Amino acid sequence: MHECLETILQNRLSEADLRRLMDIPDRRVHEFVADAVALCEPDAVWVCDDSPEMVALTRRRVIEAGEEKPLATEGHTFHFDGPQDQGRDREVTKYLVPAGEHLSKALNQIERQEGLAEVRGLLKGAMRGRTMIVRFLCLGPTDSVFAIPCVECTDSFYVSHSMDLLYRPGYEEFRWLENGRDCFRTLHSAGRMNADRVSVEPDKKRIYIDHSTDTVYTINTQYAGNTVGLKKLALRLAIRKADREGWLAEHMFLMGVHGPGGRKTYFAGAFPSACGKTATAMLPGETILGDDIAYFRAINGQARAANAEVGIFGIIQNVNPKDDPVIHDVLTKPGEVIFSNVLVKEGRPYWLGMGQPLPKDGVNFSGPWHEGKTDEKGQPVPPAHKNARYTVALKALANCDPELENPDGVVLGGIMYGGRDAYAYVPVQQGFDWDHGIIAYGAALETETTFAILGKEGVPEINLMSIQDFVAIPLGKYVQNNLDFGRGLKKPPLIFGVNYFLRDGENRFVTGMRDKHVWVKWMERRVHGEAEAIRGPTGWIPVYDDLRRLFQEVLDKDYSKADYIRQFTIRVPENLAKIQRVEAFHRAEVPDAPPVLFEVLAGQRRRLEQVRARSGDYVSPFDASV
Ligand code: GTP
Ligand code: SPV
Ligand code: MN
C-alpha cells in the first residue's frame with residue numbers, strides 16, 4: 001500500500017510539490033492526496049503552502065482558468081455558477097451512514113457503501129486535463145483550542161481563491177499536526193464544464209458527507225456553499241466532533257454590541273440562511289466577529305465563542321449605501337472582492353436592491369442577458385440572482401472586531417434565535433432561563449424556505465436552531481447537547497428570541513429593517529440588568545418606556561404606543577398553533593427529543609391559555625404579564 005502511495009505521488013507531483021506535501025508529517029494526509037490523485041487523474045498537482053507567492057499565483061490562475069473575470073475596480077472579480085447551481089442543494093446533499101448506524105429521519109442520508117460507490121464513480125477521472133490544487137486551511141484561530149485543520153483537493157481555482165478570503169491559512173498548523181488529531185478532508189471537482197467554465201451536469205451533482213472518515217466528496221457543482229469544504233460541509237463534521245468532545249458548532253454570527261460607558265458585550269445569533277445573520281452582525285456602530293459559523297466552548301465556566309471563518313460569503317441583494325454603508329463601501333472601493341452571480345456590464349457589477357437602476361442588458365449566470373429574457377420554461381430570468389453573493393475578508397471591513405484572532409475566543413453575554421415567523425412570536429423577547437430559551441426559541445424555530453437553498457421559496461418549515469440542514473447527529477441529541485452546555489456554565493448567556501418577519505393582517509411586516517438595532521441594544525441592557533421587562537406567556541418582553549428611549553437614542557425616531565402595541569401584542573391563537581406544530585414535528589421526527597422539551601412547551605401553552613382566559617385572543621403588551 002505504502003509503496004503504491006509513494007509511486008502515485010511521485011508520478012504526478014513535481015519534486016517541489018512532493019516535498020511540500022511530505023513536509024506534513026501526517027500519513028493520513030498523504031493517503032488522502034494519493035487517493036484523490038488516483039481517483040480523479042489530474043494532469044498536474046499543485047500543493048499550496050500559503051506563501052504570499054503561492055496565494056498570488058491562485059489569484060492569477062483563477063483568471064487564466066476563466067473561472068473568474070476581472071472587473072473595472074482593482075482587486076474585484078466576478079464568477080458565475082450554472083443556472084441550476086445557485087444555492088445549496090438539499091436534495092443531493094447526503095450523509096453516508098454505515099449499516100447499523102441511524103440518523104434522524106429528517107436528515108437526508110444514504111447507505112455508506114452505496115453512496116461512496118456512487119460519488120466515487122462520478123469523481124473517477126473527473127480531473128483529466130486539469131490541475132488538482134491541494135490546500136491546507138484552519139477552522140477557528142490557529143494554534144488554539146478551537147482550531148481544526150482541514151485539507152481540500154479541488155480542481156477549481158475559484159474555490160481555492162475563495163478559501164484565501166474566508167479561512168485562515170493552515171499549512172503551518174498541518175506541519176505540527178500530531179498523528180491522530182482530527183483533520184477534515186474535502187475532495188471537490190467541478191465536473192464537466194462548458195467553454196465559459198461552468199459545470200454542465202447538474203443532474204449528476206452530489207455532495208456526500210462521510211463522517212466515518214471526516215471526508216466530504218462533492219462533484220458537478222461550483223456554488224461555494226456546495227464546494228468550499230470549510231463552509232457547511234465542514235460544519236456537519238464539526239457538529240459530530242463537538243458532540244464527541246463536549247462543545248458546540250453553530251450556524252451563528254458573532255458581534256460586539258456597544259453599550260453605555262464604552263462597554264462591549266458579545267452576542268451570537270442563529271438565523272436560517274438568508275434570514276438576518278449578516279444583517280444583524282453588520283449593524284452600523286457595532287463590530288462584527290463573524291456572520292455564519294461559530295464554535296462555543298466552556299472555558300473556566302465561561303461560554304467562549306470563536307469564528308470558524310475570517311471572511312464573509314454574504315448575500316448582496318439589498319446591499320445599498322443607506323442600509324449597509326460599511327459593506328457597500330468595501331464593495332465599491334479597490335480591494336479583493338469576488339462577486340458571484342451578479343449582472344455585469346462594462347466591467348461593473350449590479351445586483352438587486354443596490355439602490356440604483358440596473359442596466360437593461362449585460363452578462364449574468366444565464367449568459368448574455370437583456371430585459372425580458374426568459375428561460376427554457378418561459379420563466380423570466382432576473383438581471384442578477386437573489387442569492388448573488390460577495391466574498392470578502394473580514395479584515396477589509398472598518399467594523400471588524402479586534403478579537404477575531406483571540407485564541408480563547410470571546411465571552412458571550414447573549415444568544416439570539418430568529419426565523420421567518422410571520423404570525424406568532426413578538427419582535428424580541430428573553431427566555432425565562434437557559435432551557436426555556438433553547439427550547440422555545442431554538443428547538444421550536446419556525447421559518448420559511450429562502451433563495452439560499454434550491455427549490456421553492458416561502459414554504460413554512462421548522463428549522464431547529466437554524467441548523468437543521470447541518471446536524472449530523474440525531475436531532476434530539478443535538479438539542480440535549482445545547483441544554484447540557486448551559487449547565488456547565490457559571491453565568492450562562494441570556495437567550496433571546498427575535499423575529500424580524502412578523503406580519504400584520506394585511507401581510508405587511510410590522511417592523512422596519514433598522515428596528516433590529518433597538519432590539520439588539522435592549523438585549524445588551526438586559527445582560528447588564530439595565531432594562532425592565534414584563535413576564536409574558538412566551539418570555540420576558542420589553543417595557544414601552546425603555547423602547548421609546550432606545551428608538552430615540554439609536555435611530556432618532558419617535559416610537560408610539562400604537563407601534564408598541566402593534567408589534568408586541570401577544571397573539572394567543574397563533575402561538576398555540578405554533579406549539580402544536582412544534583410538538584407534532586418533534587414527536588414525528590425526533591424520537592430522542594429530550595422530555596424537558598415537551599414540558600417547556602406545555603408550560604408555554606398553559607401560560608397562553610391563562611392570559612387568554614383573562615384578556616382574550618389578542619393581548620396588549622400592557623396586559624400581558626402572567
Ligand atoms: P446566510 O449567509 O445565507 O447564512 O444568511 P444570513 O442569515 O447571513 O442572511 P442575511 O443577513 O444576509 O439575510 C438577508 C435577508 O434577510 C435579505 O433578504 C434581507 O432583506 C432580509 N432581512 C434582514 N433583516 C431584515 C428585517 O429586519 N426585515 C425584513 N423584512 N427582512 C430582513
Ligand atoms: C447558507 O446557505 O447558510 C450560507 C451560504 O451561509 S452557504 O455558503 O451556501 O452555506
Ligand atoms: Mn449560512
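**Exercise 1. Find the bridge partner of Gly314 in strand 24.**

Step 1. Tyr390 is the bridge partner of Gly314 in strand 24. Strands here are DSSP runs (E, at least two residues) and helices are runs of H or I with at least four, numbered from the N terminus.

Step 2. Note the source. This is a predicted model, in which local features need pLDDT of at least 70 and side-chain atom pairs count only at pLDDT 80 or more, while totals for chains, interfaces and linings use all residues. Residues are numbered from 1 along each chain as its sequence is written, chains are lettered from A and ligands numbered from 1 in the order in which they are written, and side-chain values use heavy atoms, with hydrogens and water left out.

Step 3. Strand 24 (residues 389-393) pairs with strand 18 in the antiparallel sense, over five bridges. Pairing requires that DSSP finds at least two bridges between two strands.

Step 4. Place the pair in its sheet. The sheet is open, has five strands in the order 2-3-19-24-18, and its pairing is mixed. Strand 2 (69-70) and strand 18 (311-315) are at the edges with a single partner strand each, so one side of each has no neighbour in the sheet.

**Exercise 2. Work out which side chains of strand 22 are buried, and what strand 22 pairs with.**

Step 1. In a regular strand, side chains alternate between the two faces of the sheet.

Step 2. Apply this to strand 22 (residues 361-364). Gly362 and Asn364 point to one face and are buried; Asp361 and Val363 point to the other and are not. Buried means under 20% relative accessible area, exposed over 50%, and partly exposed in between (1.4 Å probe, protein chains only).

Step 3. Strand 22 pairs with strand 23 (residues 367-370) in the antiparallel sense over four bridges. A hairpin of two residues joins strand 22 to strand 23. Asn364 has Gly367 as its bridge partner in strand 23.

**Exercise 3. Check the length of helix 13.**

Step 1. The expected span is 1.5 Å times one less than the number of residues.

Step 2. Helix 13 (residues 475-487) has 13 residues and should span 18 Å; its end C-alpha atoms are 19 Å apart, which agrees.

Step 3. Buried residues of helix 13 include Leu475, Tyr478, Val479, Leu483 and Phe485.

**Exercise 4. List polar contacts of each ligand, then give its coverage.**

Step 1. Take pairs of N or O atoms within 3.5 Å; within protein, one must be able to donate a hydrogen and the other to accept it, and residues adjacent in sequence count only if both atoms are side-chain atoms.

Step 2. For oxygen atoms of ligand 2, the side-chain distances are:
- Ser273: 2.4 Å
- Asp292: 3.2 Å
- His251: 3.3 Å

Ligand 2 alone exposes 280 Å², and the protein buries 97% of that. Areas come from the Shrake-Rupley method with a 1.4 Å probe; for residues, only the protein chains shown count as cover.

Step 3. For oxygen atoms of ligand 1, the distances are:
- Arg389, side chain: 2.9 Å
- Asn318, side chain: 3.3 Å
- Cys275, backbone: 3.5 Å

Ligand 1 has 670 Å² of accessible area on its own, of which the protein covers 91%.

Step 4. Arg389 is listed around ligand 2 and among the closest residues to ligand 1. Listing requires a heavy atom within 4 Å.

**Exercise 5. Classify the aromatic pair of Tyr500 and Phe501.**

Step 1. Rings of Phe, Tyr and Trp (its six-membered ring) pair if their centres lie within 6.5 Å; planes under 30 degrees apart are stacked, over 60 edge-to-face, the rest tilted.

Step 2. The structure holds 26 aromatic pairs. Tyr500 and Phe501 are 6.3 Å centre to centre with 45 degrees between the planes: tilted. Both Tyr500 and Phe501 are buried.
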